[in-house]
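Here are some exercises to work through with the model open beside you. Try each task before reading its solution.

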Amino acid sequence: MHEKIDENIIGFFASFNAGETDQKIVKDYLWSDSGLKNKLAHLKWKNYGQGLQIILFQVYVKPIPYERRNLREIENYRPKEKSIGIPIILDNENFFKLSETDRQQFFAESIVKKLGLVELKVKRNKLDFDILRLITDVKKALNYKKIEKKPVANNGYNSLWQRAKTKFNL
């Protein structure tokens, strides 16, 4: 049976397919004094409605290919538990090769993006839950600032046709 330990709306679970060093890094990001769980601990489900009581971010560290292929972007809403699970995959490319600042940004962006998917589930299941307020509060708690992707310079070419003419000497 599922027993509620606290009233936090956001929780974290981690599955490791990595060495001790990588495990320690991820555990620190999730559960240390300055980790995500503590940064989001003040967000209680009762402040947002009765329809959802736990959003569980399931962090998969370097999952095997089979597991990676079978993870859904977001799980179905579980009405008995009033919960939803959301996988986040960490691997060398998207996390371990990054700087400290970029890792924090990765987690903040991933959480905010995934909460956008929760918004769709809340609407689809007609849940009594203020997901937009939660997203705003999470952004504040994580000091979230969306980083705009800089447009790629067009190298002086105004159209695909001009690039093709130049490339093929037309």
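Three exercises follow, each with a worked solution.

A word on the ground rules: this is a predicted model, where local features need pLDDT of at least 70, side-chain atom pairs count only at pLDDT 80 or more, and totals for chains, interfaces and linings use all residues. Residues are numbered from 1 along each chain as its sequence is written, and side-chain values use heavy atoms, with hydrogens and water left out.

**Exercise 1. Strands**

Work out how β1, β2 and β3 pair, and how covered β2 and β3 are.

Solution. Start with the elements: strands are DSSP runs of E with at least two residues, helices are runs of H or I with at least four, and both are numbered from the N terminus. Two strands pair if DSSP finds at least two bridges between them.
- Step 1: β1 (residues 10–16) is parallel to β2, with seven bridges; here F16 faces V61 in β2.
- Step 2: β2 (residues 54–61) and β3 also run parallel, joined by eight bridges, and Q58 lies opposite P87 in β3.
- Step 3: buried means under 20% relative accessible area, exposed over 50%, and partly exposed in between (1.4 Å probe, protein chains only). In β2, seven of the eight residues are buried, so the rest of the structure largely encloses this strand. β3 (residues 83–90) is mostly covered, with seven of its eight residues buried.

**Exercise 2. A helix residue**

Is D22 buried or exposed, and what does it touch?

Solution.
- Step 1: find D22 in helix α1.
- Step 2: its relative accessible area is 16%, so D22 is buried.
- Step 3: contact means heavy atoms within 4.5 Å. Neighbours within four places in sequence aside, D22 contacts K62 and F96.

**Exercise 3. Two helices**

Describe how α1 and α5 meet.

Solution. Two packed helices are described by the angle and the distance between their axes.
- Step 1: α1 (residues 20–31) and α5 (residues 100–124) have axes that come within 12 Å and cross at roughly 55°. (Axes are lines fitted to C-alpha atoms, for helices over the stretch in contact; angles run from 0 to 180 degrees between N-to-C directions.)
- Step 2: I25, Y29 and L30 of α1 make the contact with E100, R103, Q104 and F107 of α5.
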